[in-house]
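Biologist: Let's take the labels on this model one by one. I'd like to hear what earns each of them.

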Amino acid sequence: MSGLLILFRRELALAWSGGGGPLLACGFFLCLTVLVPLAAGGDPAGLRPVAGSMAWLALALSSILSLERLFERDLEDGTLDLIALGPVQLELVVMAKAKAQWLAVGWPLAVTAPVAAITLGLSPALAPLVGLSALIGGLGFALTGALGAALALGSKRGGLLIAVVVLPLFIPPVVFGAGALERATNGLSPIPALALLTAYVLFAAVIAPFAGAAAIRNAQG
């Protein structure tokens, strides 16, 4: 447990330091939500029906930015080999990296999401729901993102490969998260959509560590 805690603290510190951290993700997120209204002509009435969907699409794209350095830098400098030889199982390593990614990037994006959604025309009354759904979905993005980063280990164009791998995996949380906002906008309960979003996160928490660890072992040869 002490080794796992040290690893988690290291991953959290690395996630906050250098380029590609939460500031870049949040800045990219806000830029997307500013560009969409400009491209659509700036009509609030036309943006309001798709505000939740656009916010979740921007959230998914922003979550990809820092995934390339999740495992690649450790593989390049030999740290990943040392971690694999240590007492912490690779499955727990993947889980620790995903949790650090969620805390360092997912939480700031969840805080930024209500502002972005309101900018796109969503009702300010739905801001708490936007933040909550973004927080849950952010964990799903981190878990599946960690899996995609592990699968792309050793490739020459890792960033592009990660995007190709994880974007299809991001479809369910985007659909469920946007569905929760749409139901709330129409006066319906968002709980069914939030339940599906939570179920996706739980499924990813079971699959991603084992699949990611297998991908790391394969990359190490």
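Modeller: Let's start with surface labels: a residue is buried under 20% relative accessible area, exposed over 50%, and partly exposed in between, using a 1.4 Å probe and protein chains only. Keep in mind that this is a predicted model, where local features need pLDDT of at least 70, side-chain atom pairs count only at pLDDT 80 or more, and totals for chains, interfaces and linings use all residues. Residues are numbered from 1 along each chain as its sequence is written, and side-chain values use heavy atoms, leaving out hydrogens and water.

Biologist: Okay, so why is Ser 2 called exposed?

Modeller: Its relative accessible area is 55%, and the label needs over 50%, so Ser 2 counts as exposed. You'll find Ser 2 in helix H1, residues 2–16. Helices here are DSSP runs (H or I, at least four residues; strands are E, at least two), numbered from the N terminus.

Biologist: How far apart are Ser 2 and Val 88, in sequence and in space?

Modeller: They sit 86 residues apart in sequence, and their C-alpha atoms are 9.5 Å apart.

Biologist: What makes Ile 207 partly exposed?

Modeller: Its relative accessibility is 38%, which lies in between the two cut-offs, so Ile 207 gets the middle label. Ile 207 belongs to helix H10, residues 191–220.

Biologist: And how do you know that Ile 162 is buried?

Modeller: Ile 162 comes out at 2%, and buried means under 20%, so the label fits. This residue is in helix H9, residues 158–185. Leaving aside residues up to four places away in sequence, Ile 162 touches Leu 67, Glu 68, Gly 148, Ala 149 and Ala 152. Contact means heavy atoms within 4.5 Å.

Biologist: Now the rings. How many aromatic pairs does a search of the whole structure find?

Modeller: Three. Rings of Phe, Tyr and Trp (its six-membered ring) pair if their centres lie within 6.5 Å; planes under 30 degrees apart are stacked, over 60 edge-to-face, and the rest tilted.

Biologist: Then why is the pair of Trp 56 and Phe 141 called edge-to-face?

Modeller: The ring centres are 6.0 Å apart, and the planes are at 65°. That angle is over 60, so the pair is edge-to-face. Trp 56 is in helix H4 and Phe 141 in helix H8 (residues 127–151), so the pair links parts of the chain 85 residues apart. Both residues count as buried, with 2% for Trp 56 and 2% for Phe 141.

Biologist: What makes the pair of Trp 102 and Trp 107 tilted?

Modeller: Their centres are 5.9 Å apart with the planes at 55°, which is neither under 30 nor over 60, so tilted it is. Trp 102, at 16%, is buried, while Trp 107, at 39%, is partly exposed.

Biologist: Which residues form one aromatic cluster?

Modeller: Trp 56, Phe 141 and Phe 170.

Biologist: On to helix pairs. What describes two packed helices?

Modeller: The angle between their axes and the distance between the axes. Axes are lines fitted to C-alpha atoms, for helices over the stretch in contact, and angles run from 0 to 180 degrees between N-to-C directions. Under 35 degrees is roughly parallel, over 145 roughly antiparallel, 65 to 115 roughly perpendicular, and the rest oblique.

Biologist: So why are H4 and H7 called roughly antiparallel?

Modeller: The axes of H4 (residues 51–63) and H7 (residues 90–119) come within 10 Å and cross at roughly 155°. That is over 145, so they are roughly antiparallel. By class, their contact has five nonpolar, three polar and no charged residues. Ala, Val, Leu, Ile, Met, Phe, Trp, Tyr, Cys and Pro count as nonpolar, Asp, Glu, Lys and Arg as charged, and the others, Gly among them, as polar.

Biologist: What about H8 and H10: at what angle do their axes cross?

Modeller: Roughly 20°, with the axes coming within 8 Å. As 20° is under 35, H8 is roughly parallel to H10. The residues of this contact divide into 18 nonpolar, six polar and no charged. Among those that meet are Leu 129 and Ile 136 in H8, and Leu 194 and Val 201 in H10.
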